[in-house]
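User: Please choose one helix and take a close look at it, going on to the residues and loops that help to place it. I am a first-year student, and I would like each term explained when it comes up.

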Amino acid sequence: MGFLVYIPQDIEEEGKRFLAEKGYEYKIGSDLSQESLIRDVEDCDAILTRSNAMITEEVIKAGKKLKVIAKYGVGLDNIDIEAATKRGIYVTNTPEANANVVAEHVMAFMLALSKNLLPMDQELRKGNFAFRREMFSVDLDQKTLGIIGLGRIGRLVAKKARHGFDMRVIGYDPYLSSSVPDIELVDNLDQLFRESDFVSLHLPLTDTTKGIIGTREFALMKTSAYFINAARGGVVNESDLADALKRGEIAGAGIDVFEQEPPNKDNPLFKLENVIVTPHSAALSKEGAGRMSLHAAMQVDQVLNGQNPKWAVNEIKTEKQV
């Protein structure tokens with residue numbers, strides 16, 4: 001077939017096996033520097049990328065033969081979609097691969113925070129059995145969960161919270177014009193922050209959403225409320241969140257994503273006992289990671305076969321890409 005797929009950062013075997021069975025060659029990148037990306041993409045027909053490789057306009061221009069940039073995952077803030085579109089290159093993602101995995105991770109945050117699992121574990125290991133009477137857990141039953149962004153993941157979180165834990169779920173999404181099962185829609189973010197016992201963020205990182213949640217929003221929350229972010233770090237002002245937690249304006253937080261990734265080891269959130277952090281791993285269950293690699297590879301195959309990809313995020317006017 002003669003097509004070469006560039007994979008800047010290694011992926012699971014499911015995706016690589018699919019490409020090989022379809023007759024494609026692929027190469028794994030040497031490192032994620034811009035110099036390496038520009039050099040390695042030169043002779044490739046497709047890029048299959050994870051989040052850490054920055055597919056900039058310079059990288060895209062260097063890929064003279066590029067026809068598709070397939071994202072392993074959903075977030076697209078590491079890809080210059082506009083530059084790709086101008087060059088007639090499809091950009092795709094994998095929206096059906098990991099939504100449920102991320103929703104489960106959010107529920108795990110909610111349970112760990114509300115049940116004080118980390119401090120309970122730490123104190124018992126010290127021999128402090130009496131700690132069971134010093135820090136009481138919080139019921140999820142009848143509590144209010146506020147969800148910001150009601151796409152696939154947000155809706156799955158709502159379903160699990162409503163039907164699994166009998167929570168009241170409210171949601172805000174300015175792009176919705178109709179009702180959503182299991183969710184009471186609210187008109188503005190202020191109302192959501194004021195009423196919620198848990199706030200879960202599910203927004204993409206764009207020029208519009210960058211840094212939109214900070215000191216003002218955290219001040220609106222109940223002092224007993226928890227904040228969860230398994231979407232994109234840049235949507236939240238991390239310093240403001242740390243300050244709100246230090247001041248006791250909110251009870252705690254579960255954070256999977258950061259403004260800078262990998263985050264610095266001296267990140268102020270790491271010093272706080274009322275925060276649970278994970279390394280942008282919400283989507284990375286064994287099954288979810290395999291599906292992301294496979295679904296991204298499927299998008300590569302569709303484009304290189306002259307088809308319109310199932311999960312394109314941009315519109316390419318030319319009928320054939322090969």
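Analyst: Helices and strands are DSSP runs, numbered from the N terminus, a helix having the code H or I over at least four residues and a strand the code E over at least two. The model is predicted, with local features needing pLDDT of at least 70 and side-chain atom pairs pLDDT of 80 or more, while totals for chains, interfaces and linings use all residues. Residues are numbered from 1 along each chain as its sequence is written, and side-chain values use heavy atoms, with hydrogens and water left out.

The helix to look at is α11, which covers residues 286-304. Its length can be checked, because a helix is expected to span 1.5 Å times one less than its number of residues. For the 19 residues of α11 the expected span is 27 Å, and the C-alpha atoms at its two ends are 28 Å apart, which agrees.

How many of the residues of α11 are buried? The answer is 14 of the 19, and this helix is therefore mostly covered, where buried means under 20% relative accessible area, exposed over 50% and partly exposed in between, with a 1.4 Å probe and protein chains only. One residue to follow is L304, which lies in α11 and counts as buried because its relative accessibility is 2%.

L304 also links the helix to parts of the chain that are far away in sequence. L304 and L66 are 238 residues apart along the chain, yet their C-alpha atoms are separated by 9.8 Å. Both residues are touched by D45, where contact means heavy atoms within 4.5 Å. Leaving aside residues up to four places away in sequence, D45 touches G2, F3, L4, K65, L66, K67, V68 and L304; its contacts thus include L304, a residue of the helix itself.

D45 sits in the loop between α2 (34-40) and β3 (46-49), and with a relative accessible area of 3% D45 is buried. The side chain of D45 makes a polar contact with the side chain of K67 at 2.9 Å; such a contact is a pair of N or O atoms within 3.5 Å, in which, within protein, one must be able to donate a hydrogen and the other to accept it, and residues adjacent in sequence count only if both atoms are side-chain atoms.

The backbone on either side of the helix also deserves attention. After α11 comes G306, whose phi is positive, near 85°. Before the helix, the loop between β12 and α11 holds H280, which is a residue other than glycine and still has a positive phi, near 50°. Is H280 buried, partly exposed or exposed? At 23% relative accessibility, H280 counts as partly exposed.

Further back, the loop between β11 (252-255) and β12 holds P262, and the peptide bond that joins E261 and P262 is cis, with omega of about -5°.

To set beside H280, there is another residue with a positive phi in a loop. N116 is not a glycine, yet its phi is about 55°, and its place is in the loop between α5 and α6. With a relative accessible area of 10%, N116 is buried, whereas H280 is partly exposed.
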